[in-house]
Structure formats: structure tokens, C-alpha cells
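User: I would like to learn how to read the overall fold and the main pocket of a protein model. Could we begin with the contacts and then work towards the pocket?

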Amino acid sequence: MEAYHPPGRGIAMIPAEIADQLRALSGRAESEGRLTQEQLAILYNRGWFKLFVPRDLGGLELTLPDGVRLEEELAGIDGSLGWTVTLCAGANLFVGYMQPSAAQAVFADPAVCLGGSGQASGTATVAGNGYRVSGRWRYATGAPHLTHFTANCFVERDGETLLDEAGNPRVMSFFFAKDDVRIIEDWPAFGLKATASHSFEVSDIWVDETHAFVIAPERATLAQPIYRYPFLQFAEATLAANTLGMARHFVSCAKGLLKDPVVDLAETVLARLATVRASFYQAVDASWNELADRGQLSPSILQSVSDQSRIMVHVCREQVMALYPHAGLAAADASTEINRIWRDLFTASQHSLLR
């Protein structure tokens, strides 16, 4: 597979012909309730599920600013496409917290793709050099094509819940091979249909301790800076960028539907999105630069990333709603592209980190 070398920040990272191919398949993907095999082939070939995986493990090893900008572009092509890449690339980021031997074994597969849930709705009971794990988790984006599922569990020993250093119930993350998982096809949302974000469960399976990890900068097992970036702000920024991509896509579609005297409204909306986008990327870039310069991030700059992510999501929703009433019945027709974008955006906005 030919390596993909992304250009610098601010330059389109997706060739027009690739974007056109992906866009042309998005309607079929929604009707099938999952990304198409043709879309997946492009994603694997470009390495986009491995945005933040080291090069020596077959990844692109992007910085956070470049990865977030690429995810915005993908969401601007299609919401389900961008969301799936973002969530799977975010799960593949966990390579930086795995034990090296396990990471090497898992990422030897060129088509490796992790995904799962951050909700601690499972139980892991200490058993020798591993754990007995049971649980059920919701919203595993990309479930049909995942090679491994990740999940959070409360840890128990001898019937007692273990506590962490702060006295809270201890939570650890685990990954399971797809053959050990039962997928429950229950993704109910009216948007982001092609993300196939189904539930999954495991029942009393034994998991080796090498398949357990903790997502925290101080527990990183790889040296790249991305693994020292706090995961909360990483997730907020990547999800917010998806909302921005979808909002810009909505405006692009709406421009052809607006009539006088509101025809200039789309340009006003785009200007507002450009303003909030600039503030958002200023915060993301500043945080990355501080991490590179100091090796850690200050609370104030992390708060800025969180704040600007939420502000941008709020403005995107607000501006799309300002345009929607003027787009006519096409915007309410479930078979149209603009309606799909609207449904995708307002499904994405229900994520707990964006509310």
C-alpha cells in the first residue's frame, strides 16, 4: 500500500477525485446502513483509520491539528463517513496506551480497525494473569467492519469493586477480537445511519492482562506527543470538527435552494462559521504547540479547547437552523442530500461531549 503523505495545515488533504468517489457512494451507504465496501477500500488505502498511529505500525502519525482538519474535510463530504473515520481513528489512538507486544500483534493487520464505547457498562473480575469480562455497550461506530472492540469496565476482585488512587471505582479499558463479541444490530438514529453504531456484548470471556490499558497521558507506552494529549479534549475537538464539516456542507447545498430576498443569508452564515472556525483552530493549534514546547498542557489552554469546541458546535447548530426554514420542502425530503446532512448533524449533536 502506497503511503499517504498529507500536506501542511490549511491545504486540502483530500484529492477532488477521491472526494467525488466517496460522495457518490454516500446515498447507497445510508440505504445499506453501513459504509460501502468501495468506501472502506478507499479509507484503508489512504490510511485514514490510522491517522494517529505511528508510521512503523502502518499509520500516518499525524499531529492533532492536521488530523482534525482532515476529519473536518471528510465530514464535509458525508457525515457518516467523517464520523466513522473520526471514531475509529480515535479508537486506533489507543495503540499508544497498549502494551507494546499486544500493539505490535494487533496492528500487524493492515486493515486493523478498533471501535467501541467509552461508557463503563461492563465488569472485569481479576482472574490470574487476566480478567473475566462481561458487559454490554452501546454505540460502537463502524461495528460491521471493526476487527477489535474496545470497552470500559469496572474492575472487581473477590466480589469487591476496586478503587483507584482517588478513592473512585477503578475503570480500565479492554479490547476484544471481533470473534469474541456479539454485535446487536440496534442503531436507531434517524441520522448518521451509515455509521452502523450498533451495540455489542461479551459474556464471561477471559481477557489477558496485555489486552487491558488505561487512557491517560502518564500511562502512554509510546513516545509520540499525541499520546500525551488528554483524551477528553482530543475527543471534543475531533467531534466538533465533524459538526463544522457537516454545517459547511449543509450551507453549500442550501445555497442552490434559497430564493430572494434571503439569498445572501448563506454567505452571512458562512462568514459566521469562518469566524468561529478560526477561533477553534487557534485554540487547537495553540494547545499542540504548547505540548510540543513544554511537554504538557496547562489547565487554561485545555479549557480553551473545550470551550471553543462547544462554542463552535453551538454556532453550527444555530446557523444551520437559521437556514433550514428557507430551503423549502427539499430540506424535509428524506431522499435528498440536504436532508441527510441535516439529520446527520443533529444526530451528531446528541453526543454527550457536544451537549
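Analyst: This is a predicted model, and in it 72% of the contacts with a separation of 6 or more join residues 24 or more positions apart.

User: How many helices and strands does the chain have?

Analyst: The secondary structure comes to 10 helices and eight strands.

User: Why does the radius of gyration matter when I read the 355 residues of this chain?

Analyst: The radius can be set beside the value for a compact globule, which for 355 residues would be near 20 Å, and because the chain has 20 Å, the two agree. Along the principal axes, the C-alpha atoms fill a box of roughly 70 × 45 × 45 Å.

User: What share of the residues is buried, and how much accessible surface does the chain have?

Analyst: A residue is called buried when its relative accessible area is under 20%, and such residues make up 52% of the chain. The accessible surface comes to about 15,200 Å², with 51% of this area belonging to carbon and sulfur atoms.

User: What is the volume of the largest pocket, and which residues are closest to its centre?

Analyst: The largest pocket has a volume of about 1,000 Å³; of the 41 residues that line it, Leu87, Gly116, Ser117, Gly118 and His351 are the closest to the centre.

User: Which element gives the most to that lining, and how do the lining residues divide by character?

Analyst: Helix H7 (231-255) gives the most, with six residues, while the elements that each supply at least two residues also include helix H5 (79-92) and strand E1 (114-126). By character, the lining of the largest pocket divides into 22 nonpolar, 17 polar and two charged residues.

Terms used
Residues numbered from 1 in each chain as written. Predicted model: local features only at pLDDT ≥ 70, side-chain atom pairs only at ≥ 80, totals over all residues. Heavy atoms only, no water. 1 Å grid on protein atoms, 1.4 Å probe; cavity = no way out; pocket = protein on both sides within 12 Å on 5 of 7 lines; lining within 4 Å. Points joined across faces, edges and corners; volume = space filled by probe spheres on them. Helix = DSSP H or I, 4+ residues; strand = E, 2+ residues; numbered from the N terminus. Nonpolar A, V, L, I, M, F, W, Y, C, P; charged D, E, K, R; others polar. Rg over C-alpha atoms; globule rule 2.2 N^0.38 Å. Buried < 20%, exposed > 50% of the residue type's maximum accessible area, 1.4 Å probe, protein only. Contact = heavy atoms within 4.5 Å. Areas by Shrake-Rupley, 256 points an atom, 1.4 Å probe, with all protein chains shown as cover.
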